[in-house]
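The exercises below are meant to be worked with the sequence and the coordinates open side by side. Try each task before reading the solution that follows it.

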Amino acid sequence: MSKFLRPALLCGAASLVLALSAPAVAQTRSFDLPAQPAVSAIPMFAKQAGIQIVAPAGQLTGITTQAIHGELDRKKALATLLQGTPLVVSSDDGTVVVLQLAQPAKVPAAPKPQAREDDDLQEIVVTSFRESLAQAKAIKRDAVGSEEVIVAEDIAAFPDLNLAESLQRVPGVTINRDSGEGRQITLRGLGPDFTRTQLNGMEVLGNTASGMDNRGAVSRTRSFDYSLFASELFNRVTIQKSYASEQDEGGIGGTVQLSTAKPFDYDGFKAVFSAKGQNNSNTDSVTPRVVGLISDRWGDFGALVSVAYSTNDSNEYGYRNWGWNQIKVNPANIGPGVSAEDAAKMASGTIYAPQADTYSTWFDHRTRLGSTLALQYEPESGLKLGFDALYSRLTNDRQNYAMAAGGSNALTGNVSGTQILQSAVIQGNTLVAARYTGVDMRNEYNTETDSTDFYQMALHGSDQVTDRLLVKGMVGYSRSDYELPHFDKVFLEAKNKGIGFDDRTTMPVNTYNFDPTDPSLWNLMRLDSQANKIVNSYKTGKLDVEYALAESSTIKAGFEYKKFEDEGAQYNNKVFYNVPADRAVPADAKYLVPYDTLVPYIVGDVNSIYKYIGQTRDIMTAAFLSPGSDYRVTEETKAGYVQYDLDTTVFDRRLKANAGVRYYSTDLVSAGSINSGGRLTAVSVPHTYSGVLPSANLAYYVEPDLVARVSANRNISRPALSDLAAAGTITTAPFGGSLTIGNSNLKPFTADAVEGSLEYYDGKVGYVSVGAFYKKLNSFISSTTVVEPYSATGYPLSFLLPGQTGSIPYNVSQPVNVSGASITGVEVAVQRDFDFLPEPFNHLGMLANGTFADGSSPAIIGGKTVDLPLVNLSRFSANATLYYETETWGVRISEAYRGQYLNSIGGNGNVGEGYEPTNNVDFSAHYNVTPHIKVTLEGLNLTDEHIVQFTDLAAHRIEVNTSSGRTFLWGVTCEF
């Protein structure tokens with residue numbers, strides 16, 4: 001029997017799915033089962049009956065089933081098997097049977113909550129990828145609103161480095177990538193700030209950073225960074241797309257619920273160990289990935305501990321620039337090789353040119369440690385108590401390299417120094433290729449070490465006070481500490497060189513008239529140190545009451561208090577060493593870039609040169625605090641709801657529904673510095689807002705295998721933290737720079753949403769779903785960008801680069817409330833086992849989904865309002881997986897496509913800035929050596945899909961084109 005009940009692997013294992021596959025053909029079957037414990041009898045019955053059974057694992061201990069023998073009707077045989085036990089049939093569609101514990105006789109019981117965070121039927125252990133799909137489908141089918149589920153094996157065994165990559169296979173979910181991994185998610189076209197993330201029932205937030213400033217560097221938003229967690233720490237992820245009043249407000253896009261394993265998910269002792277090696281094709285190293293779980297129960301008490309540890313070397317390299325600006329070339333700086341017509345255009349200041357065409361390399365040594373602790377106490381009195389704790393630490397040790405036309409006489413703005421434009425190719429208003437001489441080249445090498453420590457503790461419980469009254473509560477605390485104590489960069493300069501660039505292809509090409517590997521050409525120009533910190537915390541308390549009015553209806557009410565605090569600061573120290581001339585440094589302090597790069601070039605060693613010059617690297621002190629960057633946001637929310645749940649029949653068909661209303665009130669205080677009369681002034685700005693959020697969800701079972709869903713609701717998403725902060729972020733550059741400042745008086749996004757779907761379930765072997773959604777954002781937050789003299793910003797002139805004055809133009813951006821936006825979309829999903837094919841092809845299967853979404857929002861650029869596609873919205877996205885699986889081995893290949901999308905409204909006259917389409921291909925294979933040992937081989941990004949960024953929707957000017965390489969993992973998993 002063990003071959004039919006292989007325990008789930010890795011620390012994703014949760015409740016037992018007692019299920020086995022076989023086509024449901026005849027209702028009369030041959031049975032031969034002795035009286036025995038239910039934990040073994042039910043899967044044997046499922047095998048002999050040719051059906052799937054989902055049972056409440058963790059509650060089968062001590063239950064003994066009846067013996068059955070002979071040719072019997074399947075339903076009568078099941079009734080005989082369960083006779084005298086507390087188990088009853090909850091639903092039976094002919095291929096999937098759901099069992100639950102019977103309620104006390106003659107007493108109507110409260111239905112399970114629609115959010116079902118404590119629903120034992122969801123806590124499942126699966127034995128294969130095919131089984132995981134079947135269980136996720138069963139949970140989706142039983143829901144009232146629209147939701148998607150990923151269960152244990154589907155996460156633990158798929159080739160995913162973190163949760164973001166697991167989530168991308170869900171209909172409507174897309175991800176952005178950084179350092180070769182998924183980072184944040186977009187749900188139904190609404191970006192990461194619109195998706196609320198809960199961990200074990202409590203809202204969480206975690207900040208990290210990108211090594212590339214083209215991707216926003218340090219995250220200061222509400223968007224959760226899924227690269228914090230290894231996917232193996234979780235046994236279930238639920239994506240709630242529709243909203244019910246009992247859910248926390250705050251996620252217009254939807255809510256992602258992350259659940260870790262619990263000891264009562266198992267019937268007794270459980271131990272799992274997994275070890276893998278990992279390699280990326282852009283690096284030479286092999287790094288470890290280790291997971292362990294141990295769990296046990298002692299009567300009414302249980303405890304579980306899991307740990308996941310991994311290191312990963314990634315190297316992303318390729319081309320980038322600092323953006324595209326309109327430039328003016330002094331006529332004296334235009335050579336004879338440029339036609340008179342083109343010379344006039346270049347001197348007019350109307351032509352866009354790339355700034356500092358650069359070859360770059362970003363190497364990252366990433367370490368991820370995660371651990372969970374779960375305690376449960378569940379006496380037979382109806383009381384349930386649980387404690388969950390999670391700790392995660394993510395560290396990045398980065399080494400970033402670049403060679404750019406960004407020295408003293410640079411190609412980073414107007415040309416009036418020693419640079420001479422020797423040739424030019426102009427298409428429209430864009431300089432797409434050129435050759436210059438007299439350019440001062442600059443290389444960069446920086447080391448940075450950042451870390452994020454995440455902690456969460458939650459105490460939760462429930463008490464069945466009476467047969468009708470259920471009381472639930474939770475108190476919790478979480479904290480995320482992000483710190484970048486050291487970001488140290490060395491700039492070397494090579495004077496009076498020639499560079500050519502050609503940006504007419506997707507991968508731009510640079511050429512040089514000198515040898516960039518000659519160390520004698522490079523001398524010290526500048527040393528730059530930075531530091532950052534962000535600390536945020538959540539305190540949460542909830543109390544919920546459910547009262548069963550009748551067997552088919554329940555009234556729910558609850559209250560919640562949340563206090564969120566977020567604070568941060570930035571530190572800087574830039575020192576130039578190029579006046580009157582670049583400073584010489586020892587030859588042994590210069591060497592070639594040691595990692596993959598498009599061309600080799602010299603850089604300066606950070607440790608050696610900082611030590612040689614004697615410049616301090618410890619700058620997280622008040623003396624180096626960047627004026628206007630420190631802030632503190634405190635947000636307190638009180639909310640309450642009332643909701644009515646119904647589970648009945650209409651026209652002999654099952655109807656499940658809920659309707660309710662939620663009230664919230666938020667008090668916000670933002671402290672920091674703002675521009676007042678041309679200077680920065682310390683302020684503390686209070687802000688209060690409140691609202692009422694109605695919701696209604698309905699699921700009607702038109703036929704036992706055909707479900708129609710309709711939902712309507714109002715929800716909010718609160719402004720990004722960086723948008724609320726009374727603070728600013730400044731970026732200097734030779735051609736000017738940019739300043740982004742917050743707005744403490746922003747109102748939240750508010751959206752009214754309607755959606756519907758029709759879902760056909762083909763027993764255990766597949767399903768087809770078609771759905772449509774519409775969201776009207778009645779209030780929206782966009783950016784206004786204006787160009788003004790730096791002196792008008794209120795920031796000190798000391799921030800400017802040498803030779804710059806307060807008259808230099810800066811792009812100043814600020815979030816503002818604007819008129820609403822809308823988004824409309826269609827989702828299609830299908831999953832099917834090819835059991836109708838002859839051997840051996842009947843082991844094949846596939847799942848696929850596609851989402852089309854369209855939406856726009858107003859943006860203010862240069863004082864003018866333009867309609868742009870919603871930021872982070874891909875009009876089309878799709879996923880497909882083809883799998884082949886037997887009891888001994890399995891293989892699957894997956895493809896994830898994401899269409900073009902914007903990540904900002906643009907700048908410097910460019911309308912829109914974003915990413916080109918991507919298509920990622922992954923695969924996974926496994927072989928079961930024994931029922932307890934499995935070996936695996938996995939591959940990610942098999943085609944080495946490049947990340948390509950552009951600016952301006954019309955011109956599509958390339959800003960970034962990088963390769964992150966292919967990642968391969970191999971290893972073994974053991975369970976006992």
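The chain in this predicted model exposes about 34400 Å², and carbon and sulfur atoms supply 58% of that area.

**Exercise 1. Overall description**

Determine how many helices and strands the chain has, and what percentage of its residues count as buried.

Solution. Begin with the secondary structure, where the assignment gives 8 helices and 49 strands. Next, turn to burial: of the 976 residues of the chain, 61% count as buried. Finally, consider the contacts between residues at least 6 apart in sequence, among which 75% join residues at least 24 apart.

**Exercise 2. A sheet and the helices beside it**

Work out the order of the strands in the open sheet that contains β3, β6 and β7, and identify the strands at its edges.

Solution. The first step is the order, which reads β3-β7-β6 for the 3 strands of this open sheet, with mixed pairing. The second step is to find the edges: β3 (52-54) and β6 (87-92) each have a single partner strand, so one side of each is left without a neighbour in the sheet. Neighbouring strands here are turned by 30° against each other on average, when direction is ignored.

The third step looks at one pairing in detail, since β6 and β7 (residues 96-101) run antiparallel and are joined by 5 bridges; within this pairing, L87 has L101 of β7 as its bridge partner. Helix α1 (residues 38-49) packs on the sheet, where it touches β3, β6 and β7, and its direction makes about 150° with that of β3. Helix α2 (residues 74-82), in turn, lies across β6 and β7 and runs at about 155° to β6.

**Exercise 3. A hairpin with two faces**

Establish how β24 and β25 pair, and decide which residues of β25 belong to the covered face and which to the uncovered one.

Solution. Start from the connection: β24 and β25 form a hairpin with 6 residues between them. Strand β24 (residues 469-502) pairs with β25 in the antiparallel sense over 4 bridges, and the bridge partner of G500 in β25 is T511. Then sort the residues of β25 (residues 509-512) by face, which places N510 and Y512 on the covered face, and V509 and T511 on the uncovered one.

**Exercise 4. Salt bridges in different settings**

The structure holds 52 salt bridges; for the pairs R183 with D225, K345 with E341 and D364 with R398, compare where the partners lie and whether they are buried or exposed.

Solution. In the pair of R183 and D225, the closest N and O atoms are 2.7 Å apart. This pair links distant parts of the chain, as R183 is in strand β10 (residues 181-187) and D225 is in the loop between β12 (202-203) and β13 (234-240), 42 residues apart. Both R183 and D225 are buried.

The salt bridge of K345 and E341 has an N to O distance of 3.8 Å, and both residues lie in helix α6 (residues 340-348), 4 residues apart, which is about one turn of the helix. K345 is partly exposed, with a relative accessible area of 29%, while E341, at 54%, is exposed.

For D364 and R398, the closest N and O atoms are 3.5 Å apart. D364 lies in strand β20 (residues 358-377) and R398 in strand β21 (residues 383-404), so the pair ties together parts that are 34 residues apart in sequence. D364 is buried, as is R398. Elsewhere, salt bridges that share partners join K140, E148, R188, K241, R709, E755, E759 and E827 into one network.

**Exercise 5. Nonpolar residues with accessible area**

Find the elements that give two or more residues to the nonpolar surface patch, and explain why L375 is classed as partly exposed.

Solution. The patch is formed by Y760, V768, V770, V826, V828, F852 and F876, which together have about 560 Å² of accessible area. The elements giving two or more residues to this patch are β37 (766-789) and β38 (809-833). V770 lies in strand β37 and is partly exposed, with a relative accessible area of 43%.

L375, which lies in strand β20, is classed as partly exposed because its relative accessible area is 27%, and the class covers values between the 20% and 50% limits. Among the residues that L375 touches are F301, A303 and F387. G386 is 11 residues from L375 in sequence, and their C-alpha atoms are 5.5 Å apart.

Note on methods:
Residues numbered from 1 in each chain as written. Predicted model: local features only at pLDDT ≥ 70, side-chain atom pairs only at ≥ 80, totals over all residues. Heavy atoms only, no water. Pairing = 2+ DSSP bridges. Axes fitted to C-alpha atoms, helices over the stretch in contact; angles between N-to-C directions. Contact = heavy atoms within 4.5 Å. Patch = residues over 30% accessible without salt bridge, like charges linked within 9 Å, V, L, I, M, F, W, Y side chains within 5 Å. Areas by Shrake-Rupley, 256 points an atom, 1.4 Å probe, with all protein chains shown as cover. Salt bridge = Lys/Arg side-chain N within 4 Å of Asp/Glu carboxyl O. Buried < 20%, exposed > 50% of the residue type's maximum accessible area, 1.4 Å probe, protein only. Lists of a residue's contacts leave out its neighbours within four places in sequence.
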